[in-house]
Every structure is written in C-alpha cells, then in structure tokens.
Amino acid sequence: MADGENPLRKIAASFKDLAAAVNSQNPEVQVEVAPFSAACSHVSVLFGCLGIAFKFAEMDYVAKVDDLTKAANSIGTLKSLLDHDIERGSVRKAGSHSRNLLRVKRGLDMVRVLFEQILASEESSLKSPASVAYAQVFAPHHGWAIRKAVAAGMYALPTRARLLNKLNEDGESARIQMQIYISASAPVIQYIDQLFLSKELGIDW
Ligand code: 1PW
C-alpha cells in the first residue's frame with residue numbers, strides 16, 4: 001500500500017454515504033449502481049491484502065464489481081439492474097448483472113462479519129475471524145472443492161498486525177473505521193436482499 005493511502009477509510013466513508021441514502025426513509029430513494037460499484041471497488045483492496053491464497057477470491061470479486069461498474073454506463077439504479085435481467089429472463093444466468101450483484105453483496109457481508117469477528121477478538125491470527133465469516137456467508141453456497149481451497153487459504157492469511165500495517169492503520173484507527181463499515185454496510189446489504197425478495201428472485205442461489 002502506498003504511503004498515505006487509507007483504504008479502510010475509503011471503504012468506511014463510501015458505505016456511510018450509501019447507508020445515508022438507504023436510511024433516508026424516503027421510499028422514492030433508489031441506490032444508484034455507480035456509487036455502489038465505486039464503494040465495492042474500495043473493498044477489493046482489502047481482499048487484495050489477504051495473501052496469495054485469496055488471489056482467486058479477489059479476482060472473482062473484482063471481475064464482478066467491474067461488471068457492475070460497466071453496467072452503470074447504461075443502467076441507473078440497482079432496482080432497474082434487476083428489472084433489466086428480469087425482462088430478459090437472465091437473472092440467474094452465469095455472468096448476469098443480477099447474479100454478480102448477489103455475489104458482490106455476499107463479499108460485502110463477509111467483510112462485515114470478518115470485521116465484527118476481528119473487533120470481538122484479541123487474537124493475533126485472522127484465521128478464526130475469517131473462517132467464521134466464510135462459514136456464515138459463503139460456505140453454504142460453495143461446493144466441496146472451493147470450501148477445501150478456502151480452508152487451506154486460511155493458513156496463509158496475514159497476521160492481524162500485518163494486515164493493519166498493509167492498510168496503513170494502527171489498532172485504534174482501524175477499530176473506528178471497521179465499526180463504521182459494520183454499521184453502514186448492514187442497511188445496504190439488507191436493502192439489496194429486500195430488492196431481490198420484493199421481486200421474488202430469492203437470495204439463496
Ligand atoms: C476476508 C476473509 C477471507 C476469506 C475470503 C473468502 C473468499 C470467499 C470467496 C471465494 C470465491 C472464490 C471462488 C469463486 C467462486 C465462484 O464460483 C462463485 N463466486 C462467489 C463469490 O461465490 C460463484 O460465481 P458465479 O458462478 O456466479 O460466477
């Protein structure tokens with residue numbers, strides 16, 4: 001990480017803005033694809049700090065966020081992104097914007113649980129926080145081979161201190177930014193779940 005860059009602050013600030021839109025209580029408010037994908041792209045940096053074993057996860061996440069960024073050129077809101085695929089009958093098709101959105105949402109949720117677990121423990125290893133986050137969010141949707149590969153990758157995670165160092169944070173500053181992300185990402189994640197459910201698309205696929 002280049003000197004002076006604080007990816008954790010970018011993540012926290014961009015999700016705070018998204019959450020403000022979601023929490024505005026105005027039923028007309030729509031989350032737009034462009035700021036959403038921009039916020040998600042800040043999270044890619046974090047995946048990139050998790051070591052070589054998670055390179056594949058990072059590439060998969062980055063490709064899906066890129067797809068959403070491109071979609072933003074022609075589609076305004078997350079809601080119309082789903083409508084676009086519904087009209088084409090392509091919601092669950094591999095590579096569809098809707099399918100990628102659901103996967104990216106899981107990435108955001110995993111980072112949320114990971115941060116919760118990190119804040120709740122004093123351990124120097126990230127193995128247990130990351131394992132809990134993966135088990136809760138992704139494992140139910142992955143086959144045996146991917147689950148085994150991820151479990152192996154858990155042994156190659158950086159230490160907590162090394163991660164904070166890569167992110168240019170000390171313990172206290174990281175704690176604050178992680179807490180902001182935990183609080184701000186929750187309503188955004190719920191909003192996306194609700195979008196899928198309101199159109200009866202399901203979220204368990
Ligand atoms: C941050 C703590 C460290 C734990 C990282 C765990 C990473 C979990 C994601 C692993 C995904 C890599 C393997 C790719 C799986 C794809 O088959 C799958 N993508 C996801 C994000 O589940 C489905 O993608 P598809 O078929 O819709 O292209």
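This passage walks through the core, one helix and a few single residues of a predicted model.

The natural place to start is the inside. The largest nonpolar core is made of 63 residues. Within this core, the residues with the most contacts are Phe15, Phe36, Leu78, Leu101, Leu108, Phe115 and Phe196. Quite a few helices chip in: helix H1 (7–22), H2, H3, H4, H5, helix H6 (127–137), H8 and H9 each give two or more residues to this core. That fits a familiar pattern, as nonpolar side chains in soluble globular proteins tend to be buried together.

Leu101 gives a close-up of that core. Leaving aside residues up to four places away in sequence, Leu101 touches Phe36, Leu68, Leu78, Leu81, Leu82, Ile192 and Phe196. Among these partners, Phe36, Leu78 and Phe196 are also on the list of residues with the most contacts inside the core.

Helix H4, which spans residues 78–88, is worth a look of its own. Its buried residues are Leu78, Leu81, Leu82 and Asp85. These four sit on the same side of H4, because the arc they cover around the axis is only 95°. What do the buried residues of H4 pack against? Their neighbours are helix H2 (33–48), helix H3 (55–71), helix H5 (97–120) and H9. Three of the names will sound familiar, since Leu78, Leu81 and Leu82 are among the residues that Leu101 touches. Right after H4 comes Gly89, with a positive phi near 65°.

Ser44 belongs to helix H2. Is Ser44 buried or exposed? Ser44 counts as buried, because its relative accessibility is 11%, and the cut-off for buried is under 20%. With residues up to four places away in sequence left out, Ser44 touches Glu58, Tyr61 and Val62.

Two more residues stand out for their backbone angles. Asn168 is not a glycine, yet its phi is positive, at about 60°. Asn168 is found in the loop that links helix H8 (160–166) to helix H9 (171–198). With a relative accessibility of 27%, Asn168 counts as partly exposed. Glu200 also has a positive phi, near 55°, and is a residue other than glycine. Glu200 lies in the segment after H9. As for its surroundings, Glu200 counts as exposed, because its relative accessibility is 73% and exposed means over 50%.

Key: Residues numbered from 1 in each chain as written. Predicted model: local features only at pLDDT ≥ 70, side-chain atom pairs only at ≥ 80, totals over all residues. Heavy atoms only, no water. Buried < 20%, exposed > 50% of the residue type's maximum accessible area, 1.4 Å probe, protein only. Arc of directions from axis to C-beta. Contact = heavy atoms within 4.5 Å. Core = buried A, V, L, I, M, F, W, Y, C linked by side-chain atoms within 4.5 Å.
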